[in-house]
Amino acid sequence: MLSKDENIVSVELAVQYRTGNAKDFLFNVVNPVTSLQQATASALRQVIGHTTLNEVLTSGREKVRDQVQRALVDIMNSYQAGIFISDVALQPAKPP
C-alpha cells in the first residue's frame with residue numbers, strides 16, 4: 001500500500017545579499033555563494049516544515065518570509081562568511 005502526502009508544496013525564494021566583510025568572504029569559507037545556497041535551502045525547509053500548507057499559500061506568507069530571513073541571517077552569521085542578507089522574497093507557492 002502506498003501512502004500519498006497531500007501537503008507537499010513547491011516554494012522558491014529570491015535572496016538579495018551583498019558582501020559585508022571582504023576578508024571573511026574570501027577566507028572563512030571555501031565557497032561563500034554555495035554556502036549561502038545551502039543555508040537558504042536549510043532555512044526554508046526548517047520553516048516550511050513547521051508551517052501549515054494553508055499558511056504557506058495564504059495569510060502566513062509574510063511570517064514565513066520573516067522566519068526564513070531570520071534563520072538565514074543566523075546561519076550566515078555563524079559561518080562568518082562575510083555575507084549580508086538584505087532581503088528575502090518568497091515567490092508564489094505552488095500547491096499539490
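This report describes helix H4 of a predicted model, together with the salt bridges, core and loops around it.

**Helix H4 and its two faces**

Helix H4 comprises the 19 residues 61–79. At 1.5 Å a residue, the helix should span 27 Å, and its end C-alpha atoms are indeed 27 Å apart, so the expected and modelled lengths agree. Seven positions along the helix are buried, namely Val64, Arg65, Val68, Gln69, Leu72, Ile75 and Met76. Because these residues cover an arc of only 135 degrees around the axis, they lie on the same side of H4. The face turned away from that buried side carries the exposed residues Arg70, Asp74 and Ser78. The buried residues of H4 are covered by elements that include strand E1 (13–19), helix H2 and strand E2 (83–90).

**Salt bridges centred on the helix**

Side chains of opposite charge can pair when their charged atoms come close. The structure holds 3 salt bridges, which are set out below with their N to O distances.

| Salt bridge | Distance (N to O) |
|---|---|
| Glu62 and Arg65 | 3.2 Å |
| Arg65 and Asp66 | 2.7 Å |
| Asp87 and Arg65 | 3.3 Å |

Arg65 takes part in the pairing with Glu62, in that with Asp66 and in that with Asp87. The pair formed by Asp87 and Arg65 links distant parts of the chain, since Asp87 belongs to strand E2 and Arg65 to helix H4, 22 residues apart. Through shared partners, the salt bridges join Glu62, Arg65, Asp66 and Asp87 into one network. Glu62 and Arg65, by contrast with the pair that reaches strand E2, both lie within H4 and are 3 residues apart, about one turn of the helix.

The members of the network are exposed to varying degrees. Arg65 has a relative accessible area of 17%, under the 20% limit, and is therefore buried. Glu62 is partly exposed, with a relative accessible area of 48%. Asp66 is likewise partly exposed, at 25%, and Asp87 falls into that class at 27% relative accessibility.

**The nonpolar core**

In soluble globular proteins, nonpolar side chains tend to be buried together. The largest nonpolar core here has 21 residues, of which Val11, Ile48, Val68, Leu72, Met76 and Ile85 touch the most other members. Helices H2 and H4 and strand E2 are the elements that give two or more residues to this core. The greatest contribution comes from H2, with 6 residues. Val68, Leu72 and Met76 also appear among the buried residues of H4. Beyond residues up to four places away in sequence, Val11 touches Leu44, Ile48, Val56, Leu90 and Ala93.

**Thr51 and its surroundings**

Thr51 occupies the loop between helix H2 (32–49) and helix H3 (53–57). Its relative accessible area is 16%, so Thr51 is buried. The side chain of Thr51 reaches the backbone oxygen of Val47 at a distance of 2.6 Å. Leaving aside neighbours within four places in sequence, Thr51 is in contact with Val56, Val64 and Gln67. One of these, Val64, is among the buried residues of H4, and another, Val56, is also touched by Val11.

**The loops at either end of H4**

Gly60 lies in the loop between H3 and H4. With a relative accessible area of 7%, Gly60 is buried. Gly60 and Asp74 are 14 residues apart in sequence, and their C-alpha atoms are separated by 21 Å in space. Asp74 is one of the exposed residues on the face of H4 turned away from its buried side.

Just after H4 comes Gln80, which is found in the loop between H4 and E2. The phi angle of Gln80 is near 50 degrees, a positive value in a residue other than glycine. At 49% relative accessibility, Gln80 counts as partly exposed.

**Summary**

Helix H4 has its buried residues on the same side and exposed residues on the face turned away. Arg65, itself buried, belongs with Glu62, Asp66 and Asp87 to one salt-bridge network. H4 also gives two or more residues to the largest nonpolar core, as do H2 and E2.

Terms used: Residues are numbered from 1 along each chain as its sequence is written. This is a predicted model: local features need pLDDT of at least 70, side-chain atom pairs count only at pLDDT 80 or more; totals for chains, interfaces and linings use all residues. Side-chain values use heavy atoms; hydrogens and water are left out. Helices (H or I, at least four residues) and strands (E, at least two) are DSSP runs, numbered from the N terminus. Buried means under 20% relative accessible area, exposed over 50%, partly exposed in between (1.4 Å probe, protein chains only). A polar contact is a pair of N or O atoms within 3.5 Å; within protein, one must be able to donate a hydrogen and the other to accept it, and residues adjacent in sequence count only if both atoms are side-chain atoms. Contact means heavy atoms within 4.5 Å. The expected span of a helix is 1.5 Å times one less than its number of residues. The arc is that of the directions from the helix axis to the C-beta atoms. A salt bridge is a side-chain nitrogen of Lys or Arg within 4 Å of a carboxyl oxygen of Asp or Glu. A nonpolar core is a set of buried Ala, Val, Leu, Ile, Met, Phe, Trp, Tyr and Cys residues joined through side-chain atoms within 4.5 Å.
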